[in-house]
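Hi,

Here is the structure I promised to pass on to you. Have a look at it first, and then read on for what turned up in it.

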Amino acid sequence: MLYEAGRLVGCHYCQLPNVTDLTPRYALRMATRAALRALSGADGRFRGTALLRTVDPSQYEGGQWNSEDGNCVRTAPSRRGERRVEGFERDFRELQREEFAAAAERAAATGNVRMMLMDTTEAMILRADAHPSKYRGWTPEKHFTLYNDCVHWCLPGAIDTWNDMLLHMLNST
C-alpha cells in the first residue's frame, strides 16, 4: 500500500477494487524523492553534506536470487563492456540521478547543503567476483534454504573503491 501525505494513492500487486496498481519503480521514486527533499535543506532542518550512492547491480547469472541456479561464481572482474546495467537497476539508477538533480537544485538555492552523487553503478557491474555466493556464511539452522548471495559485497576491492571515491569527493570540494 502506497500513501502520500497520509492518503492512499495505490498499491503494488494488491488487486483491490478502486486502488491503482503502481509499480515498484513508482514507490522507489517517491521514497528517493522524500529522502532527498529532507536532505536538500529546503525546510531548513538539515545543514551539511548529503551523499547519494547509486544502486548496485545484482550479479546473478544463470537464474534468480531465490533459485538454485542463480549464482555468481566469477573469480575475476568483468571487462569493461562485457556486462551492462539493464532493466530495473538501469531504471532505478536513472530515477536516482533525476531525483538527485532536482534535490541538488533545491539545495543550491538554500546554500546550506552540499549535495554529492557517488555513482558506483557502472564500476560495480564489473565486480561480480566480489560477492560471497555459496560461501555466504555458516548457520546452525537447517530449516531454511540459503541461496547464493550475489548482492552483498564481502571481498576486498569493491568497497575499498567506494571509500576511495568518497575520500576523493570530500577532498575535492
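**The disulfide**

Let's start with a count: there is one disulfide here, going by the distance between cysteine sulfur atoms. Before going further, please keep in mind that this is a predicted model. In case the word is new to you, a disulfide is a covalent bond between the sulfur atoms of two cysteines.

Which cysteines does the disulfide join? They are cysteine 11 and cysteine 14, with 1.9 Å from S to S. The pair counts because 1.9 Å falls within the cut-off of 2.5 Å. The link between cysteine 11 and cysteine 14 is left-handed, with -65° about the S-S bond.

Are the two ends buried or exposed? Cysteine 11 is buried, at a relative accessible area of 1%, while cysteine 14 is partly exposed, at 22%. The cut-off for buried is under 20%, so cysteine 14 with its 22% does not make it.

Two residues in this part of the chain are worth a click. Tyrosine 13 sits in the loop between β2 and α1 and has a positive phi of about 55°, although it is not a glycine. Glutamine 15 is in the loop between β2 and α1 too, and its phi is also positive, near 55°. Tyrosine 13 is exposed, with a relative accessible area of 60%, and glutamine 15 counts as exposed at 64%.

**The whole protein**

Now zoom out. The protein has four helices and four strands, and from the N terminus on they come in the order β-β-α-β-α-β-α-α. Its C-alpha atoms fill a box of roughly 55 × 50 × 35 Å, taken along the principal axes. There are 173 residues, and 34% of them count as buried.

How much of the contact network links parts of the chain that are far apart in sequence? Take the contacts between residues at least 6 apart in sequence: 67% of those join residues at least 24 apart. For one pair that is distant in sequence, look at glutamate 68 and asparagine 148, which are 80 residues apart along the chain but 7.8 Å apart in space, C-alpha to C-alpha. Glutamate 68 lies in the loop between β3 (48-53) and α2, and it counts as exposed at 68% relative accessibility.

**The hairpin at the start**

Go back to the N terminus and you'll find strand β1 (residues 2-4) running antiparallel to strand β2 (residues 7-10), with three bridges joining them. Which residue in β2 is the bridge partner of leucine 2? That is glycine 10. β1 and β2 form a hairpin with two residues between them, and alanine 5 in the turn has a positive phi of about 50°.

**A pocket**

The second largest pocket has a volume of about 160 Å³. Its lining is made up of Leu2, Tyr3, Glu4, Tyr26, Ala27, Met30, Arg33, Ala34 and Arg37. β1 and α1 (24-39) are the elements that give two or more residues to this lining. Which of them gives the largest share? That is α1, with six residues.

**Threonine 54 and arginine 93**

Last stop: a buried spot with several polar contacts. Threonine 54 is in the loop between β3 and α2 and counts as buried, at 1% relative accessibility. Its side chain makes a polar contact of 2.9 Å with the side chain of aspartate 119. A polar atom of the threonine 54 side chain also lies 3.0 Å from the backbone nitrogen of threonine 120. Leaving out residues up to four places away in sequence, threonine 54 touches Arg93, Gln96, Leu117, Met118, Asp119, Thr120 and Thr121.

Arginine 93 is in that list, so let's follow it up. Arginine 93 lies in helix α2 (residues 87-110). Is it buried or exposed? Arginine 93 is buried, because its relative accessible area of 15% is under the 20% cut-off. The side chain of arginine 93 makes a polar contact with the side chain of glutamate 122, at 3.0 Å. Apart from neighbours within four places in sequence, arginine 93 is in contact with Thr54, Val55, Asp119, Thr121 and Glu122.

Have fun looking around!

Key. Residues numbered from 1 in each chain as written. Predicted model: local features only at pLDDT ≥ 70, side-chain atom pairs only at ≥ 80, totals over all residues. Heavy atoms only, no water. Buried < 20%, exposed > 50% of the residue type's maximum accessible area, 1.4 Å probe, protein only. Polar contact = N/O pair within 3.5 Å; in protein donor to acceptor, adjacent residues only side chain to side chain. Contact = heavy atoms within 4.5 Å. Pairing = 2+ DSSP bridges. 1 Å grid on protein atoms, 1.4 Å probe; cavity = no way out; pocket = protein on both sides within 12 Å on 5 of 7 lines; lining within 4 Å. Points joined across faces, edges and corners; volume = space filled by probe spheres on them.
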